[in-house]
Amino acid sequence: MSTRSLGEPRTAALPRSFLLWLGAATLSTWGDSVMYFALGWAATGIGPQWGGVVLTTVLLPRTVLLLDAFSLPATGSFPRLFVDDADLPRALALTSSAGRLVRLGAGPAGGLLVALAGLSGAAVVDAASFAVVLGVLVVIRPRHEAPPSAAAGPLWHQVADGLRLVRGSPTLRTALGSVSLVATFLLPVASLCIPLLARAHAWSAVTSGVLGAATVAGALSVTLLVARRGASGPPMLVAGSGLLVAGTGTLAVAWSPWAGVAVTGALVQGVGTALFTSRVGPILLGSAPRTHLARVQSLLVLVQAAPLVVAMPLLGSLAAWAGAGAATTTCAVGTATAGVVLLRQRRPAS
């Protein structure tokens with residue numbers, strides 16, 4: 001294992017096998033983003049409550065299967081299998097930047113695709129992207145093979161082993177707890193609140209996609225910088241401050257009657273979100289032993305997906321009762337509160 005610090009800047013080229021996998025995974029992310037936008041736009045057209053319900057049904061099977069370490073959590077562990085530990089922050093930042101770069105165009109592309117080919121067209125595009133990933137996975141091999149887990153026996157014994165690991169690690173517990181709060185209040189903004197706000201202002205699907213793209217652009221500006229220069233600053237201070245920034249941007253999106261101001265607020269929200277994720281991501285992946293990478297990743301995605309199963313329908317109902325602005329304001333306040341909680345942590349997770 002390298003003696004360099006996880007946060008120390010590094011300029012060596014990343015492995016080609018990692019870059020090839022990243023290219024395929026990025027294409028799949030684009031397909032997913034287009035499909036998810038199409039679902040959100042179509043569902044919110046039926047009504048605010050149905051928007052929350054439809055997006056929740058997407059989350060339910062994924063949440064149930066997460067602790068079986070299926071595609072999503074397993075993929076999340078890949079960067080540490082392809083690169084050395086010292087390069088992990090750069091690899092994660094590059095992965096995040098690539099994902100956000102395609103999402104930058106996925107919102108407007110999703111709006112255009114919905115207008116031209118409907119929901120079925122978005123589904124075909126998403127399915128084709130997964131075929132490309134499958135082909136790449138057949139031909140590449142990671143640099144570091146993950147050793148088998150010490151847990152033996154049935155699958156549920158292995159799940160319990162991963163839970164015991166997290167329970168015994170204050171760093172992992174703190175990081176996963178903060179991600180859960182952010183998932184509850186920040187993740188629904190792009191998929192549910194922005195389409196509802198766009199419909200409330202009589203903005204088009206393309207305008208809604210541009211708002212989502214502005215969020216991605218703000219985040220991309222941060223992750224590209226981290227990918228180039230590495231992470232810096234006390235983790236909890238940077239992460240907590242980032243959530244305060246994200247909450248402020250979300251509040252601007254909630255109450256702006258003009259699309260231009262809302263786009264600026266979405267840009268600010270993206271910057272704050274990336275400040276948070278750029279510090280928490282390396283902590284989670286770098287703190288887990290290689291034997292438990294997929295297990296920790298499954299728990300990471302679980303603490304993001306499980307709160308959304310509850311938050312999506314509740315926010316949809318709140319929007320139907322009090323308006324899309326009220327639902328989005330709730331998300332802004334919750335995000336800022338999560339930032340305050342992180343800033344009050346006396347021991348940074350590092």
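**Figure 1. Accessible surface and overall make-up of the predicted model.** The accessible surface of the protein, computed on a predicted model, comes to about 15400 Å², and 68% of this surface belongs to carbon and sulfur atoms. Of the 350 residues in the protein, 49% are buried. The protein holds 13 helices and 0 strands, so that the order of elements from the N terminus on reads α-α-α-α-α-α-α-α-α-α-α-α-α. When contacts between residues at least 6 apart in sequence are considered, 86% of them join residues that are at least 24 apart.

**Figure 2. Close-up of the nonpolar surface patch to which helix α5 contributes.** Four residues, L20, L134, V138 and V139, form this nonpolar patch on the surface, and together they present about 400 Å² of accessible area. Helix α5, which spans residues 88–139, supplies the largest share of the patch, namely 3 residues. One of the patch residues, L134, is found in helix α5, and L134 counts as exposed because its relative accessible area of 57% lies over the 50% cut-off.

**Figure 3. Close-up of the aromatic cluster formed by F18, W21 and F82.** The count of aromatic pairs in the model comes to 3. One of these pairs is formed by F18 and W21, whose rings lie 5.9 Å apart from centre to centre with 40° between the planes, an arrangement that is classed as tilted. F18 and W21 are 3 residues apart in helix α1, and therefore about one helical turn separates them. Both residues are withdrawn from the surface in terms of computed accessibility: F18 is buried at 0% relative accessibility, and W21 is buried at 4%. W21 also pairs with F82, and this pair is stacked because the ring centres are 6.1 Å apart and the planes meet at 20°, an angle under the 30 degrees that bounds the stacked class. Since W21 lies in helix α1 whereas F82 lies in helix α4 (residues 78–82), the pair ties together parts that are 61 residues apart in sequence. F82 in turn is buried, with a relative accessible area of 3%. Taken together, the ring pairs link F18, W21 and F82 into a cluster.

**Figure 4. Close-up of S28 and its contacts from elsewhere in the sequence.** S28 lies in helix α1, which runs over residues 16–46. With a relative accessibility of 7%, S28 counts as buried because this value is under the 20% cut-off. If neighbours within four places in sequence are set aside, the residues in contact with S28 are D126, S129, F130 and V133.

**Figure 5. Close-up of S256 in the loop between α10 and α11.** The loop that holds S256 connects α10 (235–255) with α11 (259–287). S256 is buried, its relative accessible area being 4%. The side chain of S256 reaches the backbone nitrogen of A262 at a distance of 3.5 Å. Apart from neighbours within four places in sequence, S256 is in contact with H201, W203, V261 and A262, so A262 appears both among these contacts and as the residue whose backbone nitrogen the S256 side chain reaches.

**Figure 6. Close-up of A202 in the loop between α8 and α9.** A202 is found in the loop that lies between α8 (187–200) and α9. The phi angle of A202 is near 60°, which is a positive value in a residue other than glycine. A202 counts as exposed, given its relative accessibility of 68%.

**Figure 7. Close-up of V206 and L113, shown by their C-alpha atoms.** V206 is found in helix α9, which covers residues 205–229. With a relative accessible area of 40%, V206 is partly exposed, a class that lies between the buried cut-off of 20% and the exposed cut-off of 50%. V206 and L113 are 93 residues apart along the chain, and their C-alpha atoms are separated by 9.7 Å.

Definitions and conventions:
Residues are numbered from 1 along each chain as its sequence is written. This is a predicted model: local features need pLDDT of at least 70, side-chain atom pairs count only at pLDDT 80 or more; totals for chains, interfaces and linings use all residues. Side-chain values use heavy atoms; hydrogens and water are left out. Patches are made of residues with over 30% relative accessible area and no salt bridge: like charges are joined within 9 Å, nonpolar side chains (Val, Leu, Ile, Met, Phe, Trp, Tyr) within 5 Å. Accessible areas come from the Shrake-Rupley method with a 1.4 Å probe; for residues, only the protein chains shown count as cover. A salt bridge is a side-chain nitrogen of Lys or Arg within 4 Å of a carboxyl oxygen of Asp or Glu. Helices (H or I, at least four residues) and strands (E, at least two) are DSSP runs, numbered from the N terminus. Buried means under 20% relative accessible area, exposed over 50%, partly exposed in between (1.4 Å probe, protein chains only). Contact means heavy atoms within 4.5 Å. A polar contact is a pair of N or O atoms within 3.5 Å; within protein, one must be able to donate a hydrogen and the other to accept it, and residues adjacent in sequence count only if both atoms are side-chain atoms. Rings of Phe, Tyr and Trp (its six-membered ring) pair if their centres lie within 6.5 Å; planes under 30 degrees apart count as stacked, over 60 as edge-to-face and the rest as tilted.
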